[in-house]
Amino acid sequence: MKKILALWATLRSTSTAFETMMLQRGDFIISHEPFGLSYYNSPERRDTNRYPDLELNPEYNYQTTWQRLKQQADSQAVFIKDMAYYMFHVADREFLSIFENTFIVRHPAKMLPSFYDKWPDFTLEETGYAELYKLFEMAKEFSGKIPVVIDSDDLVQKPEATVKAYCDAVGIPFIREALQWEPKSRPELTHWEGGSWVLNAMFSTGFKEQKRDNYVSVEDNKHLQNAYEFCLPYYEKLYEYRIRIAEN
């Protein structure tokens, strides 16, 4: 079995745009947030008030999902994008061994206001930074090497150089044409809420920094301030390991 290329992320981190690029390449089967379905939509769902009316499906149980991904990877190249907090509580050496574990981070000053706009009642676990960093440390220990980390700012400001550096680091060809795509609905890249979370990625044409003036700022909201103080140290630790992208 060829290892599954995994991009572990937090929500609102430009990860769906990266996933769109991977889909555009055409040489990977894309599995969108498979463990999100385990976390929210399986009988093994976490103790959460999010999506309380979803019908629970045993096909989404963690082990079932893991085995399904393994089977796919027996015959084809597989890429998954997922949130670390969806699966951190089941991650161990065996679980992580089927993945080439890579990571994307975004500064919480940019991620949290965007997140708050969607889920103003978000929990600290749902911010995902602690789980992302701990998963990085586990992957580093188990593999004996430093996993690939890319930063969202690099991705949107220097997309070609960042994607090329990522491809070189994980040993796949760089495909320049995949940096552009047609703006259209991609149902395979969303599970919930009618795709509203990923509209910017779906109807973009490439990597571009999103600037919104209507977001609540961290400084003006106590919930955001508390979350920022919690998330920032984990972001800074991961940021130290990012791929350094040379200035043009």
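Helices here are DSSP runs of H or I at least four residues long, and strands are E runs of at least two, both numbered from the N terminus.

**Figure 1. The whole chain, with its 12 helices and 5 strands.** What you're looking at is a predicted model. Along its principal axes the C-alpha trace covers about 50 × 50 × 40 Å. A compact globule of 248 residues would have a radius of gyration near 18 Å, and this chain comes in at 17 Å, so the two agree. Some 52% of the 248 residues count as buried. Take the contacts between residues at least 6 apart in sequence: 75% of them link residues at least 24 apart.

**Figure 2. Strand β3, residues 78-83, and what surrounds it.** How many of the 6 residues of β3 are buried? The count is 6 of 6, so the strand is largely enclosed by the rest of the structure. Val78, Ile80 and Asp82 point one way, while Phe79, Lys81 and Met83 point the other, and all are buried. That goes for Lys81 and Asp82 too, both of which turn up again in the next view.

**Figure 3. β3 with its pairing partners β1 and β2.** Strand β1, residues 4-9, runs parallel to β3 and is joined to it by 5 bridges. To find your place on this side, look for Trp8, which sits opposite Asp82 of β3. Strand β2, residues 29-32, also pairs with β3 in the parallel sense, here over 4 bridges. The landmark for that pairing is His32, opposite Lys81 of β3.

**Figure 4. Helix α12, residues 222-239, from end to end.** At 1.5 Å a residue, the 18 residues of α12 should span 26 Å; the C-alpha atoms at its ends lie 25 Å apart, which agrees. At the start of the helix, a side-chain oxygen of Asn221 comes to within 3.0 Å of the backbone nitrogen of His223. Where does α12 bend by about 35°? Look at Cys231, with a proline, Pro233, following within four residues.

**Figure 5. The buried residues of α12 and their cover.** Which residues of α12 are buried? They are Leu224, Ala227, Cys231, Leu232, Tyr234, Tyr235 and Leu238. Cys231 is therefore worth a second look, as both a buried residue and the site of the bend. The cover over these buried residues includes two strands, β4 (99-105) and β5 (148-151). Helices α6 (108-118), α7 (124-127) and α8 (129-143) are also part of that cover.

Definitions and conventions: Residues numbered from 1 in each chain as written. Predicted model: local features only at pLDDT ≥ 70, side-chain atom pairs only at ≥ 80, totals over all residues. Heavy atoms only, no water. Expected span 1.5 Å × (residues − 1). Bend = angle between axes of the 7 residues up to and from the residue. Buried < 20%, exposed > 50% of the residue type's maximum accessible area, 1.4 Å probe, protein only. Contact = heavy atoms within 4.5 Å. Polar contact = N/O pair within 3.5 Å; in protein donor to acceptor, adjacent residues only side chain to side chain. Pairing = 2+ DSSP bridges. Rg over C-alpha atoms; globule rule 2.2 N^0.38 Å.
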